[in-house]
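Thanks for coming, everyone. Please have the sequence and the model open in front of you, and stop me if you lose the thread.

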Amino acid sequence: MRLFISFSISRALFFFNNPIRSFSSMATTLSSVTASLSPKSRLRGVVFDMDGTLTVPAIDFQAMYRAVLGEQDYLAIKSKCPSGIDILNHIENWSPDKQHTAYETIADFERQGLDRLQIMPGALELCGFLDSRNIRRGLITRNVKAAVDLFHSRFGVTFAPALSREFRPYKPDPAPLLHICSVWEVQPNEVMMVGDSLKDDVACGKQAGAFTCLLDETGRYDSPKYADVEFKPDYKVSSLAHVHSLLEANFDLTP
C-alpha cells in the first residue's frame with residue numbers, strides 16, 4: 001500500500017510540473033487515489049418506489065390533492081410543505097365520512113393511472129443487472145396492493161417483499177423499509193432506497209439509515225425551494241439507466 005501511495009503522489013506531482021497536462025486529468029488521478037484508499041460500502045439490496053419510479057408517471061398527484069383538499073386548503077398546505085403534500089397522513093384524522101370520500105377520490109385517480117400503466121425506461125435492465133449480482137429487490141409504495149399485483153403480472157418482474165399502503169405505517173415512516181431489511185436479514189446501511197419523492201422515498205430511506213437515490217427526470221428538485229428540506233438524498237439521477245453505473249462506482253456489490 002505504501003508503494004502504491006508513493007507512486008500515486010509522484011504521478012500527481014508530475015501533472016503539476018507538466019502544464020501541457022489538463023487540470024481535469026490531474027483531478028481524475030487524485031480522485032482515483034482517494035477512492036482507492038476509501039473502502040466501498042457493501043450493498044446487498046435495493047428497494048424501489050413504484051409510481052413515478054418503476055413506472056412512468058401516470059397519476060396527476062396535484063390534481064388529486066386539489067380534488068381531496070379543495071383549492072384553498074391545497075394552496076395553504078402546499079405553501080407550508082415545500083417537499084410535497086402527504087395526503088394520506090393529512091386525512092388520517094378526518095371524520096369517517098369525510099375520510100371515506102377522500103379515499104374514494106384517491107382510488108379513482110389511482111384506477112385511472114392503472115389504465116395508463118407503463119414501465120419506466122431502464123427498469124427492466126436495472127432489475128436484470130441486480131439479479132446478475134444477486135442483489136435483492138424490494139418495493140414500497142403508497143398505492144394499493146391491486147396496483148402492485150397488476151405491475152408484477154403486466155411486466156413479468158417481481159419484487160419481494162412488495163409493500164403497499166395496506167402495510168402500516170406507510171412511507172415516509174421508515175417502518176416498511178426496516179421491515180424489508182428484517183426479512184432480508186441485512187442492515188439498513190447495506191440497502192439503498194430509490195424513488196422520485198423527497199418527502200416519501202428519501203425521507204423513508206434516510207430515517208431508516210439506508211442509502212438513498214432520488215430519481216429526478218426533469219430536474220425539478222434543483223429548484224431553490226427544495227434547498228432547505230430536512231432529508232436530502234445521497235445520490236440523484238435523471239434516469240434509472242444511470243443507477244447501474246452509480247452502484248458499480250460507489251458500492252461493493254459482492255453477494
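The largest pocket holds about 880 Å³ of space. Keep in mind that this is a predicted model. The pocket is lined by 40 residues. Closest to its centre are Phe61, Tyr65, Asp196, Ser197 and Arg220. Which elements give two or more residues to that lining? They are H3, H6, helix H5 at 87-90 and helix H10 at 198-208. H3 gives the most, with four residues. As for chemistry, the pocket lining has 17 charged residues, 15 nonpolar ones and eight polar ones.

So much for the pocket. Let's stay with H3 and look at its neighbours.

Two packed helices are described by the angle between their axes and the distance between the axes. We'll use both.

Take H4 first. H3 covers residues 61-69, and H4 covers residues 71-80. Their axes come within 7 Å and cross at roughly 120°. What does that angle make them? An angle of 65 to 115 degrees would count as roughly perpendicular, and one over 145 as roughly antiparallel. H3 and H4 are therefore oblique to each other. The crossing of H3 past H4 is right-handed. On the H3 side, the contact uses Gln62, Tyr65, Arg66 and Leu69. On the H4 side, look for Glu71, Asp73, Tyr74, Ile77 and Lys78. Sorted by class, this contact of H3 with H4 has four charged residues, four nonpolar and one polar. Notice Tyr65 here: it meets H4 as part of H3, and Tyr65 is also one of the residues closest to the centre of the largest pocket.

Now the other partner, H6, which spans residues 96-115. The axes of H3 and H6 come within 9 Å, with a crossing of roughly 160°. The cut-off for roughly antiparallel is over 145 degrees. H3 and H6 are therefore roughly antiparallel to each other. Again the crossing is right-handed, with H3 passing H6. Who meets whom? From H3 come Ala63, Met64, Ala67 and Val68, and from H6 come Ala102, Thr105, Ile106 and Phe109. How does that contact of H3 with H6 divide by class? Seven residues are nonpolar, one is polar and none is charged.

One more helix pair. H7 runs from 123 to 132, and H11 takes in residues 243-250. Their axes come within 9 Å and cross at roughly 30°. Angles under 35 degrees count as roughly parallel. That makes H7 roughly parallel to H11. H7 brings Leu126, Phe129 and Leu130 to the contact. H11 answers with Val243, His244, Leu247 and Glu248. The contact of H7 with H11 has five nonpolar residues, one polar and one charged.

Next, cavities. How many cavities of 30 Å³ or more does a search of the whole structure find? It finds one. That largest cavity has about 50 Å³ of space. Its lining is Asp51, Thr55, Val56, Ala58, Ile59, Glu110, Gly113, Leu114, Leu117 and Asn143. Five of those lining residues are nonpolar, three are polar and two are charged.

Last, some backbone details in the loops.

There is a cis peptide bond between alanine 160 and proline 161, with omega at about -5°. Where is proline 161? In the loop between helix H8, at 145-155, and strand E4, at 162-163. Another cis peptide bond joins lysine 171 to proline 172. Omega there is about 10°. Proline 172 sits in the loop from E4 to helix H9, at 175-184. So E4 borders both of these loops.

Finally, asparagine 134. Its phi is near 55°, a positive value in a residue other than glycine. Asparagine 134 lies in the loop between H7 and strand E3, at 136-140.

To recap: H3 gives the most residues to the lining of the largest pocket. H3 is oblique to H4 and roughly antiparallel to H6. Over to you for questions.

Definitions and conventions. Residues numbered from 1 in each chain as written. Predicted model: local features only at pLDDT ≥ 70, side-chain atom pairs only at ≥ 80, totals over all residues. Heavy atoms only, no water. Axes fitted to C-alpha atoms, helices over the stretch in contact; angles between N-to-C directions. Left-handed = near helix turned anticlockwise from the far one by under 90°. Contact = heavy atoms within 4.5 Å. Nonpolar A, V, L, I, M, F, W, Y, C, P; charged D, E, K, R; others polar. 1 Å grid on protein atoms, 1.4 Å probe; cavity = no way out; pocket = protein on both sides within 12 Å on 5 of 7 lines; lining within 4 Å. Points joined across faces, edges and corners; volume = space filled by probe spheres on them.
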